[in-house]
Amino acid sequence: MRPRTLFFAGLTALLLTLILTAGCLVAYNATRMLPEHDGLTYLSGLHDRVTILRDEYGIPHIYASNTEDLFFAQGYVHAQDRWWQMEFQRHTGLGRIQELTGFNASALGSDLYIRTWGWNRAAAADEAFMAPETRTALEAYAAGVNAYIAGKPGGDLALEYTLLGLTGVQIDLEPWTPLDTTAFAKTMAWYLGGNADEELERQEVLNRLGPELTEAYFPPYPFDRRPTILTAADLPITSASLTTANSTSVTGSGTDEIARNVATSMAGGPAALAFLPPRGADIGSNNWVISGSNTASGLPILANDPHLNIQMPSIWYEIGLHCRPLSEACPYDVVGFSFVGAPAVIAGHNQRIAWGVTNLNPDVQDLYIIRVNPDNPYQYEYNGKWRDMEVVTETIRIGGGMEPREDDPATERCEGVRDLPLTPDGALEITVRITHFGPIITDNTITEDCRFVGLTEEGDPLAVRWTGLEPGDLMHAVLAINRAGNWEEFRQALTYWDWPAQNFVYADVDGNIGYQAPGKIPIRAADHSGLLPVPGWTDAYEWRGTIPFDLLPRILNPERGWIVTANHAVVPPEYDDQLAATLGADANYTISQNWDEGYRGQRIVEMVSGTRAHTVETVAEIQGDSHSLVAEELLPYLLALEFPDQALADAVTWLAGWNLQMDKDSPQAALFEMFWLKLSAALWEDQLGSPGGGAWAVQLLLDQPDHPWWDDTSTPDVIETRDDILIRALTEALDAMTAAWGADRAAWRWGNLHTATFVNTPLGQSGIGLIETLFNAGPVAANGSSRAINNTAWSFSAPFAVRSLPSFRMIVDLADLENSRAIHTTGQSGHPLSPHYRDMIEAWRTISYHPLRFGDEAVKAATRHTLELRPAPGAGSGPATD
């Protein structure tokens, strides 16, 4: 449960003192750090009065008479409740994590990764690129943040400053700037739009095992068995012949032999991603919208639950933003979920429209193999000539200084790193080489034996091209969405949404429902699948541009009366044919081959299409559904087996009586997931070194009982088949469950294995029980599992522990906006001593909600705290609310 290297040796030495003084410390900090939610505060930078009303959950609704004050106050309340989270987020996006943690090999790996990729440089480019309207909003937001933090020492803002100070890390508070907002946006763009690591993984599997096993391990999306968001009938398909193939082969580019010698270590080395949000197949979301033809009210219902990494505090912050009076000059009247560090809301509704988002899983990153001039490491070959690289020096500073030491390579973790290029003042200077594709991302790594390597030593260097490194104005799109009042304005706003590409569903009070996929999606060469690294010494694999916005998938008011997205395939193969007919046949228009496997999408479609009288309550039932389609499709193969042991046969008969719900109290769910773990290990581990692979890959192999993947290569004298491995996995699962929980199957509980622990960054991984108890929450038993609608996913590296989850749940009733409801994972506050630090966890895990209040009357009726902000004397006056 602690993937990050622990860095609190200095703090441990002071633990006894901390325990002895804990009572005084908690009492002191309770009044010192918790923000004031009532009263009157005068602030420079305001133009008029602002009123902030908070309910029983600490959810603020801000009322202002002008846009600048509205976003000023949003920055103020974000800083009040989540300042440390904002501090850590901006340091992450800019590759400055060690300024907060002090020297730590894992944090160093993440800083090296971020600086080499150039998130910080890209964020600066976005900040320079933004439109004046965006800049005005971000500067107003920053002014509000700074109004709260100004003049306060760190210890008055967050307990983290005090505790980290005990380790020798002194953190200088810096003002918030628009760059800090764009840096966080860049982090999210990487988190939701990255697949370069999957290209490298495919190449490594291909090098090791060859095409047959690789194709089976990475199967294409099952268009014949799983739904697509848009169907062929939804597309304006031309009359041209539909002959363009959807590229699916991992060897489709014909470059797999060339790529056998590529470097395999990314910048930062094995620990590069330790302090970054974990990515994977389970990172996605659900959203759907149902038209009035399928609801009891006759108007749409929209639902959204994004699946992001588990963390403390929640990544989301619920808020209402209300211009009073609502006017062309102050056009915002919106409620929903925001990211701390940025103005406006990302998903929610205003007076006329509602919207929700899921990740589109686009293929927007490509790796290029670079031929470096053997006589000049800062030149590379391109079309028969040497080109100069752009060379950038990045300086990484370390809080508290550092004294690197020679580590024993046999130690479990790198506590120090050898050969670091340090400056006299203890900073780290690294060289970043940048090609016209993008940066070389195999430089600046840390080896397994804890040695820093600047320029790529082993294998051909790899450069990355990524749409997220190109300038964009994401916040322009967010602000315009918040103001939109109809489908046309909504779509116009999304023309500015370059990355990360998302699935947007839409509904309005006039009864319309719609879907739009925005974002920069590359058009590739016809023989460039996007699945493997390709030669960078030729223009043969250059991108051919991006798909025009008006040709990206969209639909308004489909006849079926609903739209479902769950990270599954957006379009059928016919879409590529349509683009080929419109834009030319000599290109690859495939949006992605990294879709989710479609289990969640299929189950939602089944449930949404199951009734024509949906209500908010039936939609909530769908959001909480934990049905396992994986188990539904796999159990028939177990039932068909002839078992050598009656106990195994009895266990399978017992499983057959299961309702297939991954309920925390289900004993069958516990056995099935243990079986899935053992099956994955038996199937993949002998040749890949660890469990892995997707459920759809397993499903396809179940129909090929003699496929080479079933053979255990560690038993060279025996050739195993499917049935051998299924029996072995079930035997091991039964043994494991019996050893851990006893022989009485009825006493087993999925929730004993499957728990959610909400871990704070970084103090939640301190290794000190007292501190972790204060900052973390859980473990709590959780319903759901990977690939269920209630996608509380776990990973093979930490079996059964929740890795990612529905980070909020929202249901918007367009017939009665006050009937809308929501919840997110932890609470509104980032202060461990606040009553709102963890007060939503129980409601979240039991699929309960609170009202998503919107109208003035509902908000005022629920008000528990009122804070009024006024301009400092001489700065302006006038009422913002009645």
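**Nonpolar cores, open sheet and salt bridges**

In this predicted model, the largest nonpolar core (buried Ala, Val, Leu, Ile, Met, Phe, Trp, Tyr and Cys residues joined through side-chain atoms within 4.5 Å; buried means under 20% relative accessible area, exposed over 50%, partly exposed in between, with a 1.4 Å probe and protein chains only) has 183 residues, and F490, Y515 and F758 have the most contacts inside it. Helix 4 (residues 67-93) gives the most to this core, with 11 residues; helices (H or I, at least four residues) and strands (E, at least two) are DSSP runs numbered from the N terminus. Another core, of 58 residues, lies apart from it and includes W710 and L753.

Local features need pLDDT of at least 70 and side-chain atom pairs count only at pLDDT 80 or more, whereas totals for chains, interfaces and linings use all residues. Residues are numbered from 1 along each chain as its sequence is written, and side-chain values use heavy atoms, without hydrogens and water.

An open sheet of mixed pairing is formed by 11 strands in the order 1-31-2-3-6-7-8-9-19-20-22, where pairing requires at least two DSSP bridges between two strands. Strand 1 (39-43) and strand 22 (554-556) are at the edges with a single partner strand each, so one side of each has no neighbour in the sheet.

The structure holds 39 salt bridges (a side-chain nitrogen of Lys or Arg within 4 Å of a carboxyl oxygen of Asp or Glu). In one of them, D234 and R560 have their closest N and O atoms 3.1 Å apart; these residues are 326 residues apart in the chain. D234 is buried, at 18% relative accessibility, whereas R560 is partly exposed, at 24%.
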